[in-house]
Amino acid sequence: MIPGDLSCSCAVVPGYGCKENDFVELHTAIRERRSIRHFKPDPISDETLAAIFEAGTWAPSHGNRQPWEFVILGPKTRADVAARYLAALEAGSLKKPDLPEARKAAIRAFATDFGGAPVLLAVVGQAATSDLDRYDFPLACAAAIQNILLAAWARHVGGIWLSLAVNPAIRECLEIGPDQCVAGIVAMGIPEVVPEPKPRIAVAAKIRRLS
Ligand SMILES: Cc1cc2nc3c(=O)[nH]c(=O)nc-3n(C[C@H](O)[C@H](O)[C@H](O)COP(=O)(O)O)c2cc1C
């Protein structure tokens, strides 16, 4: 992309995009992002966090409603969420007798402090008032999460998308109404361990053509 080339819409916004390597960087982030479960204790600066969230706001949304809210969990809420997460695990998957003890210990360790992530946030939708909102808001919020994960990765910040809020006890901690969705809880920080890529099914097997 040539700077100033108006065939690219971002050229009209000074300072955004239109660098020659934009597409390469994006593709690299898409391919190299991993879900991170072990973080360094280093804090993420407010400036970096703001830039990452700003990328979230550029996600598409029906009618540009921008239904997302990025809720940063403070120490009390975080401890409440962790306690309820752990309780649910103990009552569920950690009861499975065939799950190896080492795996159980790793799951418990992650649930206790989210892998040491310095930032824990929930991406919450505004209250839905129609069937269309109920359909669209979680999707728009999910798009914002993916933007956040990729913008974070581009800045050497890792994250993991967690579906903890499927648990009503965890939803309670987030001070949201019954018509609000939680698209995900995201733990973020500098990766301590970057796992090997998980294999992907060949794209050809994921493409279907209708007559
Ligand atoms: C909607 C959603 C929910 C997820 N929930 C969890 C979760 O609760 N716990 C977890 O360990 N990983 C969770 N993940 C992360 C996936 O396990 C991970 O994306 C997948 O294994 C592929 O690995 P990768 O992200 O490193 O490519 C979730 C991912 C998505 C998109």
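**Figure 1. The residues around the ligand in this predicted model.** Welcome to the ligand shell, where you will find Arg34, Ser35, Ile160, Trp161, Leu162, Ser163, Gly184 and Lys198. Sorted by character, these residues comprise three nonpolar, three polar and two charged. Strand β3, residues 158-162, supplies three of the residues in the shell, the largest share.

**Figure 2. Strand β3 and its partner β4.** Here is a closer look at the strand that gives the ligand shell its largest share. β3 is mostly covered, with four of its five residues buried. Five bridges tie β3 to β4, and the two strands run antiparallel. To find your place in the pairing, look for Trp161, which stands opposite Val186 in β4. Trp161 is also one of the residues around the ligand, while Val186 is among the residues that touch the most other members of the largest nonpolar core. In a regular strand, side chains alternate between the two faces of the sheet.

**Figure 3. The open sheet of four strands.** Step back to trace the strand order, β1-β2-β4-β3, with antiparallel pairing. At the edges are β1 (68-72) and β3, each pairing on one side only. From one strand to the next, the twist averages 25°. Helix α5, spanning residues 131-154, packs on this sheet and touches β1, β2, β3 and β4. The direction of α5 makes about 10° with that of β4.

**Figure 4. The pairing of β2 with β4.** Strand β2 covers residues 119-125 and strand β4 covers residues 182-189. Six bridges join β2 to β4, and these strands run antiparallel. A handy landmark is Val119, which stands opposite Met188 in β4.

**Figure 5. The largest nonpolar core.** Which residues touch the most other members of this core? They are Val123, Cys141 and Val186, out of 43 residues in the core. At least two core residues come from each of α2 (46-57), α3 (75-91), α4 (101-113), β2, α5, β3, α6 (168-173) and β4. Helix α5 makes the largest contribution, ten residues.

**Figure 6. A close-up of Cys141 and its contacts.** Leaving aside residues up to four places away in sequence, Cys141 touches Pro67, Trp68, Val123, Gly125, Cys181 and Ala183. Val123 may look familiar: like Cys141, Val123 is among the residues touching the most other members of the largest nonpolar core.

Key:
Residues are numbered from 1 along each chain as its sequence is written. This is a predicted model: local features need pLDDT of at least 70, side-chain atom pairs count only at pLDDT 80 or more; totals for chains, interfaces and linings use all residues. A residue is near a molecule or strand if its C-beta atom, placed from the backbone, lies within 6 Å of it. Ala, Val, Leu, Ile, Met, Phe, Trp, Tyr, Cys and Pro count as nonpolar, Asp, Glu, Lys and Arg as charged, and the others, Gly among them, as polar. Two strands pair if DSSP finds at least two bridges between them. Axes are lines fitted to C-alpha atoms, for helices over the stretch in contact, and angles run from 0 to 180 degrees between N-to-C directions. Two residues are in contact if their C-beta atoms, placed from the backbone, lie within 7 Å. A residue is buried if 20 or more other C-beta atoms lie within 10 Å of its own, exposed if 12 or fewer, and partly exposed in between; C-beta atoms are placed from the backbone. A nonpolar core is a set of buried Ala, Val, Leu, Ile, Met, Phe, Trp, Tyr and Cys residues joined through C-beta atoms within 7 Å.
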